[in-house]
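Good morning, colleagues. I shall take you through one structure, moving from its helices to its strands and then to its aromatic residues. Please keep the view before you as I speak.

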Amino acid sequence: MSAPEDHRLGDTHAVERLLRAVQELSLARSLADIQRIVRAAARELTGCDGATFVLKDGGLCHYVDEDAITPLWKGGRFPLENCISGWVMTNRKAAVIQNIYSDDRIPHAAYLPTFVKSLAMVPIRRLNPVGAIGNYWAAERLPSEQEMSLLQSLADATSVAMENVQMYEQLEQRVRDRTADLERANDAILHLSHTDDLTGVTNRRGFYLLAEPALRAAQRDGLDCILGFIDADGLKLVNDSLGHVAGDALLADLAALLRATLGEADILARMGGDEFCVLTTGSESDPVALKARLAAAIARFNDSENRSYLVSASIGLIRVPASVDSSLDELLASADELMYADKRARTA
């Protein structure tokens, strides 16, 4: 390999280059930003043929980045005691080696495949090093005190930038955590505002918020729906004879067995008092079949559960074709009429 050209900056330009690097490091918001800034500045400040950015990783030296005329050790991890960057971090001082093959701190076998003949290495933060910055030359070279001072100043600025990035990332994580907490809290509040306290199903407000877009989506996809009114029979009698606790339990039982019988995507809501609404958007399109399934579920519940009351319900279901142009309230009115017709037929 022929001797490389001397690309060292003049003293004034070198200081200006350092100041620019310090300013760039002050704006860095990630370790990748720091690496990019340091690998370029480290080469330019001394006119070296290669520079490495090393971080301490437990008992290892991690060569996380490099900028060199040919590949060095990027991505490699080596024991602290086996590499010069480890010596620099352990001893908390710079190493300047004019001939690497005459220095027993250098693992010569690791350098044989490389262009390196001379090197200078400085610690990132001398008090408690977290890494090192290395400069390498393809021909024997002894960097000046000025160059070493510039390189150490770059390393010092790098340590501050790394601390800033860590704090910035912690702040960002706190913001993300706080945002997630707020989103969960808002979701919980929204859920509570749309949920019936007694039965745990959707309330009247939630039904309208869910049912109207569900109907529009079904119409858009060409799907028929079923809309229904369901009224708990005999609630007043249960309240008067067994107390309101029993009446509340009856409503909760009816809601639970309806929810278990309907499809997961179907909308079930307690509209208030003893009235429930249901909207199916795909699991069932035959009102007669759905009414039979609901009636059978109620019968099974009464046969299998030991309650002081019987669960009974009047059911009015209408088919809503995909082509229908009626409003939700108009459709509910039709279902309500069928429910009252069912109630009259049951008590006749």
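Let me begin with a convention: angles under 35 degrees count as roughly parallel, over 145 as roughly antiparallel, 65 to 115 as roughly perpendicular, and the rest as oblique. Axes are lines fitted to C-alpha atoms, for helices over the stretch in contact, and the angles run from 0 to 180 degrees between N-to-C directions. Helices (H or I, at least four residues) and strands (E, at least two) are DSSP runs, numbered from the N terminus.

This is a predicted model, in which local features need pLDDT of at least 70 and side-chain atom pairs count only at pLDDT 80 or more, whereas totals for chains, interfaces and linings use all residues. Residues are numbered from 1 along each chain as its sequence is written, and side-chain values use heavy atoms, with hydrogens and water left out.

I turn to the first helix pair. Two packed helices are described by the angle between their axes and the distance between the axes. For helix α1 (residues 11-26) and helix α2 (residues 31-46), the angle is about 175° and the axes are 10 Å apart. The two helices α1 and α2 are therefore roughly antiparallel to each other. The residues of this contact comprise 10 nonpolar, no polar and four charged. Here Ala, Val, Leu, Ile, Met, Phe, Trp, Tyr, Cys and Pro count as nonpolar, Asp, Glu, Lys and Arg as charged, and the others, Gly among them, as polar. On the α1 side the participants include Arg 17, Leu 18 and Glu 24; on the α2 side they include Ile 34, Val 38 and Glu 44. Contact means heavy atoms within 4.5 Å.

Which residues does Gln 35 touch, not counting residues up to four places away in sequence? They are Phe 53, Val 64 and Asp 65. Gln 35 itself lies in helix α2 and is buried, with a relative accessible area of 14%. Buried means under 20% relative accessible area, exposed over 50%, and partly exposed in between (1.4 Å probe, protein chains only).

Phe 53 leads us to the strands, since its bridge partner in β2 is Asp 65. Two strands pair if DSSP finds at least two bridges between them. Strand β1 (residues 50-57) is joined to strand β2 (residues 60-68) by eight bridges, and the two run antiparallel. Their hairpin has two residues between the strands, and in it Gly 58 takes a positive phi near 65°. Six bridges join β1 to β6, again running antiparallel, with Ala 51 partnered by Asn 135 in β6. Six of the eight residues of β1 are buried, so this strand is largely enclosed by the rest of the structure.

Two further positive phi values deserve attention. Most residues other than glycine have a negative phi. Arg 92, however, has a positive phi of about 55°; this residue lies in the loop between α3 (84-91) and β4 (95-97) and is partly exposed at 46% relative accessible area. Arg 125 has a phi near 75°, is found in the loop between β5 (118-124) and β6 (131-137), and is partly exposed at 24%.

Next, the open sheet. Four strands form it in the order β8-β9-β7-β10, with antiparallel pairing. The edges are β8 (267-272) and β10 (313-320), each with a single partner strand, so one side of each is left without a neighbour in the sheet. Neighbouring strands of this sheet are turned by 20° against each other on average, direction ignored. Five bridges join β8 to strand β9 (residues 275-280), and Arg 270 stands opposite Phe 276 in β9. Helix α6 (residues 204-221) packs on the sheet, touching β7 (225-232), β8, β9 and β10, and its direction makes about 140° with that of β8. Helix α9 (residues 287-304) lies across β7, β9 and β10, running at about 155° to β10.

Finally, the aromatic residues. How many aromatic pairs does a search of the whole structure find? There are five. Rings of Phe, Tyr and Trp (its six-membered ring) pair if their centres lie within 6.5 Å; planes under 30 degrees apart count as stacked, over 60 as edge-to-face, and the rest as tilted. One such pair, Tyr 63 and Phe 78, is edge-to-face, at 5.6 Å centre to centre and 75° between the planes. Tyr 63 lies in β2 and Phe 78 in strand β3 (residues 77-79), so the pair ties together parts that are 15 residues apart in sequence. Tyr 63 is buried at 3% relative accessible area, whereas Phe 78 is partly exposed at 29%. Both belong to one aromatic cluster with Trp 73, Tyr 111 and Tyr 136.
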